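User: I would like a close look at a single part of this structure. Please take one helix and follow its contacts outward, in plain steps.

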Amino acid sequence: MKFIQDPIHGQLKIEDWQIKIIDTPEFQRLRRISQIGFANLVYPGANHTRFEHSLGTMHIARTLVERMDADDDEKREIIASALLHDIGHAPFSHCSEVILSKYLRMAHEDVERILKRGEIRDVLNELGFKISRIVKYIKGQSECNIVSGDIDADRMDYLVRDSYYTGVAYGVFDISRLLNKITFEGKKMVIEAGGLKAAESLLISRYMMYPTVYFHHVCRIARKMFEKAVEYCIEEGLLKAEDLLSMDDYDIVVFLRNQDGYPSEMMRLIDSRKLFKRAIYVGIDKVNVTEVQRINPRRAESEIAEMAGIDEGDIIVDIPPIEEAKEFRAIVQIDNELKSLEEVSSLVRALKQAEKDVWRMGVYTKKEFVEVVKKAALRFFNIEKVPKQKKLDELF
């Protein structure tokens, strides 16, 4: 047994069987996968990785699983699943998610490809784990929702961890209170009435962290530039999408730097933080979200580029999906009745609507093309003229 000092949870107890998993090359790769992509371009302290997040998630899962009515083997499976839940991430974490979906028809939770090969497979077999059961916990296909659920170990760790490393206090919530007020109905987590405010606090934290960190416009622009560079390499036969599952951040950065033309240019711009600028950046008050969600961003880039008279590679159209937070459906026990958070909390209902208000669609381009691309994008999306953004000191 070992102990690892963690800035979020203090001393983490690591048992011998967990060390065997952690010491595999597949898990060690997570030391070189950034937790929140290119967020360090905005928050210089955001250099933490999927490795320490995985350890933190395991720690929370172990705290919870001890209260669940299950045999030791099942508890061990859940703890292992929490430890391995992010092993499917490609370089720069969610920045590669669209690429995995487009070319491999998978998400980072689809961990079978990694767990069924290499040293990690051998170690799991040696320890007596059934990989198919671990996969079900990670993909939320099990009755137990500790690893993947509405308010789960993963979410509890990443909000406080990302807040700590970015220095953004919005992600702080009373995690100790929430953990202490979680009980179980069978294998499913239920929040006791006394934990309602802590659960609301988690949702407020999530709501604040998304526009401030995860969907900050600089993070989005860098992510989409990276995504377009990698897609170019796959389309041109320079890179196999499958290879991303074994690459880390350093591998892909070196690979892109060493290419000719467009991929190396995009990586050079990211390296020097000379990113594309916003030509338009609008919310649901300016566009019909249902209609724009149907638009193919690559087709839009091609048409806007033609209208603006510039190269298609110099335009990025960013249409994020609108997804309802699963946390709204977390179960709370009030007066011996089980209800969803949304049912019992007017604050949560308000947050559900407010989440839509922070959604933004962006069209990005090089600084010298901003005005011409703005005019073309406004025509393409049939948007009335967007007022010029002003700095605070310009308003007074």
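Analyst: What follows starts at one helix, H12, and then moves to other places in the chain.

First, a caution. This is a predicted model.

Helix H12 runs through residues 217-235. That gives H12 19 residues. From its first C-alpha to its last, H12 reaches 26 Å. The expected value, at 1.5 Å a residue, is 27 Å, so the two are close. H12 is also mostly covered: 16 of its 19 residues are buried. Just after the helix comes Gly 237. The phi of Gly 237 is positive, about 75 degrees.

Now look at one side chain in H12. Lys 228 meets Glu 301 in a salt bridge, with 3.0 Å from N to O. This pair links distant parts of the chain. Lys 228 sits in helix H12, while Glu 301 sits in helix H16, residues 297-308. In sequence, 73 residues separate them. Are these two charged residues buried or exposed? Lys 228 has 9% relative accessibility, so it counts as buried, the limit being under 20%. Glu 301 is buried too, because its relative accessible area is 0%.

Stay in H16 for a moment. Arg 299 forms a salt bridge with Glu 303. Their closest N and O atoms are 2.5 Å apart. Why are they separated by about one helical turn? Because Arg 299 and Glu 303 are four residues apart in helix H16. Arg 299 is partly exposed, at 41% relative accessible area. Glu 303 is partly exposed as well, at 31%. A wider network also exists: salt bridges that share partners join Lys 102, Lys 224, Glu 227, Lys 228, Glu 231, Arg 298 and Glu 301. So Lys 228 and Glu 301, the pair described above, both belong to this one network.

In total, the structure holds 29 salt bridges. Another of them joins Arg 117 and Glu 242, with the closest N and O atoms 3.2 Å apart. Here too, distant parts of the chain are linked. Arg 117 is in the loop between helix H6 (112-115) and helix H7 (118-126). Glu 242 is in the loop between H12 and helix H13 (249-257). The two are 125 residues apart. Arg 117 is partly exposed, with a relative accessible area of 33%. Glu 242 is partly exposed at 29%.

Follow the chain on to helix H13. Val 254 is placed there. Val 254 is partly exposed, with a relative accessible area of 42%. Between Val 254 and Met 267 there are 9.2 Å in space, C-alpha to C-alpha. In sequence, Val 254 and Met 267 are 13 residues apart.

Gly 237 had a positive phi. Which residues other than glycine have a positive phi? Phe 92 is one of them, with phi near 60 degrees. Phe 92 lies in the loop between H4 and helix H5 (97-104). Phe 92 is buried, with a relative accessible area of 9%. Asn 336 is another, with phi near 65 degrees. Asn 336 lies in the loop between strand E7 (331-334) and strand E8 (337-340). At 74% relative accessibility, Asn 336 counts as exposed.

One last stop is the surface. Glu 66, Asp 71, Asp 72 and Asp 73 form a negative patch there. Asp 73 belongs to helix H4, residues 72-84. Asp 73 counts as exposed because its relative accessibility, 56%, is over 50%.

Terms used
Residues are numbered from 1 along each chain as its sequence is written. This is a predicted model: local features need pLDDT of at least 70, side-chain atom pairs count only at pLDDT 80 or more; totals for chains, interfaces and linings use all residues. Side-chain values use heavy atoms; hydrogens and water are left out. Buried means under 20% relative accessible area, exposed over 50%, partly exposed in between (1.4 Å probe, protein chains only). Patches are made of residues with over 30% relative accessible area and no salt bridge: like charges are joined within 9 Å, nonpolar side chains (Val, Leu, Ile, Met, Phe, Trp, Tyr) within 5 Å. Accessible areas come from the Shrake-Rupley method with a 1.4 Å probe; for residues, only the protein chains shown count as cover. A salt bridge is a side-chain nitrogen of Lys or Arg within 4 Å of a carboxyl oxygen of Asp or Glu. Lys and Arg count as positive and Asp and Glu as negative; His and the chain ends are not counted. The place of a charge is taken as NZ of Lys, CZ of Arg, CG of Asp or CD of Glu.
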